[in-house]
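Here's a quick briefing for anyone opening this structure for the first time. Take a look at it, then use the notes below as a guide.

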Amino acid sequence: MAQPRFRPLRVTAYTVCTAAGIGRAATLTALDQRLSGLTRNDFGPSPLATWIGRVPGLEQCALPAQWAEWECRNNRLAWCGLVADDFADAVAAARERYGAERIAVVIGTSTASIGASEDAYRRLDPDGRYPADLRRPIVHTPHSLGDFVQHALALRGIALTVATACSSSAKVFGQAERLIRVGLADAAVVGGVDTLCGSTLFGFNSLELIASERCRPFDVARHGINIGEAAGFALLERGAEAGAWLLGYGESSDAHHMSAPHPEGVGARRAVQDALESAQLTPASIDYINLHGTASLKNDEVEARLVADLFPSRTFASSTKGWTGHTLGAAGIVEAAISLIALDNGLLPGTLNTEQLDPACGPQIRRENEQRRVQRALSFSFGFGGSNCVLALGRGDVG
Amino acid sequence: MSALPRVAIEGVAFWHTRLPGWAVARAVICGEQDAPATSAPRPTPSLLAPTERRRAPDTVALALEVAARACEAANRPPAQLRSVFASTYGDLGISDYMCATLAGTPTLISPTKFHNSVHNAAAGYWTIGTSSHAPYTAISAYRYTFASAVLEAATQVACDGQPVVCVAFDVESTGPLGTVAPSRGLLGVALVLAPAHGESHRALTLRVEQGNAVDITAARSPAAPLVAENALAPCLPFFEVLAHSKPGNATLALSDHCLLHAQMS
């Protein structure tokens with residue numbers, strides 16, 4: 001039986017909330033004026049000496065009462081994202097067009113609401129049981145996020161959570177595209193949310209990957225990552241007449257190490273090539289690349305060499321982690337959204353905080369912003385467990 | 001609502017603490033033998049280097065065992081297969097360790113436990129152990145985890161025309177987390193799905209429909225009480241059909257409002 005061919009999908013609505021801004025307009029302003037969202041770490045009872053990308057005010061925004069079962073920091077940030085840029089209204093309109101059962105929810109996260117479980121362990125009752133307010137099973141599963149998003153948007157179709165560490169909310173685009181391609185859905189809500197929690201702050205600290213200063217992606221003297229939190233969503237549709245494009249994607253595995261990238265970037269290279277092939281693009285046609293650029297020693301070294309090898313010098317490549325921090329399972333959607341903002345506004349963000357680029361960087365990797373009309377972008381996401389995903393996004397005519 | 005093209009079930013694997021392997025699980029499901037009286041020790045993840053075998057978390061040992069057995073049954077080299085890994089809760093033992101350590105001495109978190117705490121740890125070790133650069137995914141969908149995994153695997157077969165190994169697993173919960181995320185014993189299952197050619201394998205046709213819990217197939221075999229307390233227990237009706245040689249159907253819940261009808265030839 002012949003396989004249904006990949007065809008580009010429209011991105012008919014999207015939004016992003018990070019420490020650098022809530023919604024697209026605030027994000028554009030922060031990018032344009034080079035205003036970082038990073039602040040000194042003040043998260044949790046015994047904060048490590050580092051910088052974080054903390055979304056202000058989440059402590060004060062309880063979920064609406066009907067969603068009390070899903071209450072936790074991660075779902076609060078998800079809600080913040082759903083109402084930003086009228087995203088939920090765009091989904092409601094799509095629900096009218098297609099029916100609630102024909103819109104899939106495919107959402108990425110690395111730690112979901114583990115912060116609620118961490119909180120419970122700090123407040124166990126004398127018998128070692130969870131405090132009464134946290135005896136809500138759904139928030140103690142990885143699917144807490146996908147389940148909340150489906151209920152909050154009143155959707156009744158397929159719903160699942162993808163958790164492949166830092167590639168999670170890039171891979172959701174691929175999984176949703178496949179569901180639409182085979183006819184199991186007409187549209188899909190994709191995206192991701194990760195929030196600050198002890199597991200990631202102290203976990204990355206144990207691996208000696210946390211920077212005590214502001215992160216400096218691709219800097220010769222970079223010292224590691226800053227962890228950030230973020231929510232982002234996009235609505236994918238096949239039949240729509242307007243919107244940006246998901247032109248293609250590539251996914252691969254490193255088969256190398258649980259917490260370090262392949263030294264020659266074998267998996268990353270394959271994901272780039274597969275993304276270009278599915279989008280029917282060549283490296284020369286790529287205007288902008290939003291790099292993974294975590295500011296970890298190894299990631300940036302491998303990624304810099306990959307970009308220098310594969311792309312022409314006119315391709316503008318940068319990491320936006322200096323604005324947002326590394327938002328882990330949300331990084332894929334955050335950087336896809338920033339790529340779409342770049343395409344929409346002709347603003348190419350440079351690399352914030354970086355003073356002297358590593359000599360491994362080619363001319364593609366830029367520090368300063370640039371204003372330029374662009375049509376084709378790639379967004380790179382590489383995660384623990386060697387999971388790689390590259391998205392190809394575009395504006396204008398395709399084919 | 002909508003159906004996927006027929007796919008071939010080329011390989012099946014099953015491992016539970018009291019039903020260690022598909023041969024014994026099938027015999028118990030069909031009432032041909034009693035379950036072993038004692039629990040089996042957890043499987044050895046022989047794909048990993050000897051030093052890593054001992055340190056591997058239960059989730060990794062279990063997932064690698066069933067993934068490898070399903071590929072063997074299908075006679076497919078694992079390195080070439082795409083993979084879908086799914087778990088309701090991931091590694092509950094490591095989550096308990098992380099939460100307990102963070103509550104007391106957060107700066108003493110073990111780096112190995114941390115990188116093994118990611119939901120895609122089993123998938124990562126699988127691709128390392130098999131030297132596979134093929135894409136994997138790692139998903140979770142609460143009670144609907146197995147149904148979501150088999151649907152994603154069959155969707156990939158329909159899109160790419162290539163075989164996919166689909167792996168689902170859940171382990172025993174420990175500590176306070178167990179009171180809100182209960183799961184007992186180890187239960188892992190795997191399928192190799194491929195484009196359907198001819199009649200040499202059983203075929204699987206999946207259909208998604210609106211519906212609710214009253215319509216789902218109940219597990220009825222002698223294996224049901226043994227696995228009932230594992231979080232992955234909702235997969236059992238699917239394997240009860242596969243255990244018998246005649247055609248059959250199983251209806252699983254796919255989300256709060258969707259059902260997955262699985263028709264097996």
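**Chain B at a glance**

Of the 265 residues of chain B, 62% count as buried. Keep in mind that this is a predicted model. The notes start with chain B as a whole, then go to its strands, a helix residue, the core, the contact between the chains and some pieces of chain A.

- Chain B is built with 9 helices and 9 strands.
- Its radius of gyration is 18 Å, close to the 18 Å the globule rule gives for 265 residues, so chain B is as compact as a globular protein of that length.
- Measuring along the principal axes, you get a C-alpha trace for chain B that spans about 55 × 40 × 35 Å.
- Take the contacts in chain B with a separation of 6 or more: 72% of them link residues 24 or more positions apart.

**Strands in chain B**

- Strand β6 of chain B (residues 187–195) is mostly covered, with 8 of its 9 residues buried.
- β2(B) and β6(B) run antiparallel and are joined by 9 bridges. In that pairing, I9(B) sits opposite L193(B) of β6(B).
- Strand β5 of chain B (residues 164–170) also runs antiparallel to β6(B), with 7 bridges between them. Here F169(B) stands opposite G188(B) in β6(B).
- In general, strands of a sheet pair through backbone hydrogen bonds, and they can be parallel or antiparallel.

**G11(B), a residue in β2(B)**

- G11(B) belongs to strand β2 of chain B, which covers residues 7–16.
- Is G11(B) buried or exposed? G11(B) has 23 other C-beta atoms within 10 Å, and the cut-off for buried is 20 or more, so it counts as buried.
- G11(B) and A74(B) are 63 residues apart along the chain, yet 4.3 Å separates their C-alpha atoms.
- Not counting residues up to four places away in sequence, G11(B) touches A70(B), C71(B), A73(B), A74(B), L191(B) and V192(B).

**L236(B), a residue in a helix**

- You'll find L236(B) in helix α9 of chain B, residues 236–243.
- L236(B) counts as buried because it has 29 C-beta neighbours inside 10 Å.
- Leaving out residues up to four places away in sequence, L236(B) touches A219(B), A223(B), A224(B) and V227(B).
- From C-alpha to C-alpha, L236(B) and A250(B) are 9.5 Å apart in space, with their positions 14 residues apart in sequence.

**The nonpolar core**

- The largest nonpolar core has 244 residues, and those with the most contacts inside it are A188(A), L391(A) and L193(B).
- Helix α3 of chain B (residues 58–74) gives the most to this core, namely 11 residues.
- Setting aside neighbours within four places in sequence, L193(B) is in contact with residues including V7(B), I9(B), A153(B), V157(B) and L204(B).

**Where the two chains meet**

- The contact takes 62 residues from chain A and 61 residues from chain B.
- Which element of chain B supplies the largest share of the side that touches chain A? That's α7(B), with 7 residues.
- By type, the residues on this side of chain B divide into 34 nonpolar, 25 polar and 2 charged.
- There is strand pairing across the chains too: strand β6 of chain A (residues 159–162) runs antiparallel to β4(B), and 2 bridges join them. T161(A) stands opposite S140(B) of β4(B).

**Pieces of chain A**

- Three strands of chain A form an open sheet in the order β3-β4-β8, and the pairing is mixed.
- β3 (39–40) and β8 (227–228) of chain A stand at the edges with a single partner strand each, so one side of each is left without a neighbour in the sheet.
- β3(A) pairs with strand β4 of chain A (residues 51–53) over 2 bridges, in the antiparallel sense. R40(A) has W51(A) in β4(A) as its bridge partner.
- Helix α8 of chain A (residues 266–279) has 14 residues, which at 1.5 Å a residue should span 20 Å; its end C-alpha atoms are 20 Å apart, which agrees.
- α8(A) is mostly covered, with 11 of its 14 residues buried. Among them are G267(A), R270(A), D274(A) and L276(A).
- The elements covering the buried residues of α8(A) include β10 (244–253), α9 (297–310), β15 (376–383) and β16 (387–394) of chain A.
- Right after α8(A) comes Q280(A), which has a positive phi near 55°.

Methods
Residues numbered from 1 in each chain as written. Chains lettered and ligands numbered in written order. Predicted model: local features only at pLDDT ≥ 70, side-chain atom pairs only at ≥ 80, totals over all residues. Contact = placed C-beta atoms within 7 Å. Helix = DSSP H or I, 4+ residues; strand = E, 2+ residues; numbered from the N terminus. Nonpolar A, V, L, I, M, F, W, Y, C, P; charged D, E, K, R; others polar. Pairing = 2+ DSSP bridges. Buried ≥ 20, exposed ≤ 12 C-beta atoms within 10 Å, placed from the backbone. Core = buried A, V, L, I, M, F, W, Y, C linked by C-beta atoms within 7 Å. Expected span 1.5 Å × (residues − 1). Rg over C-alpha atoms; globule rule 2.2 N^0.38 Å.
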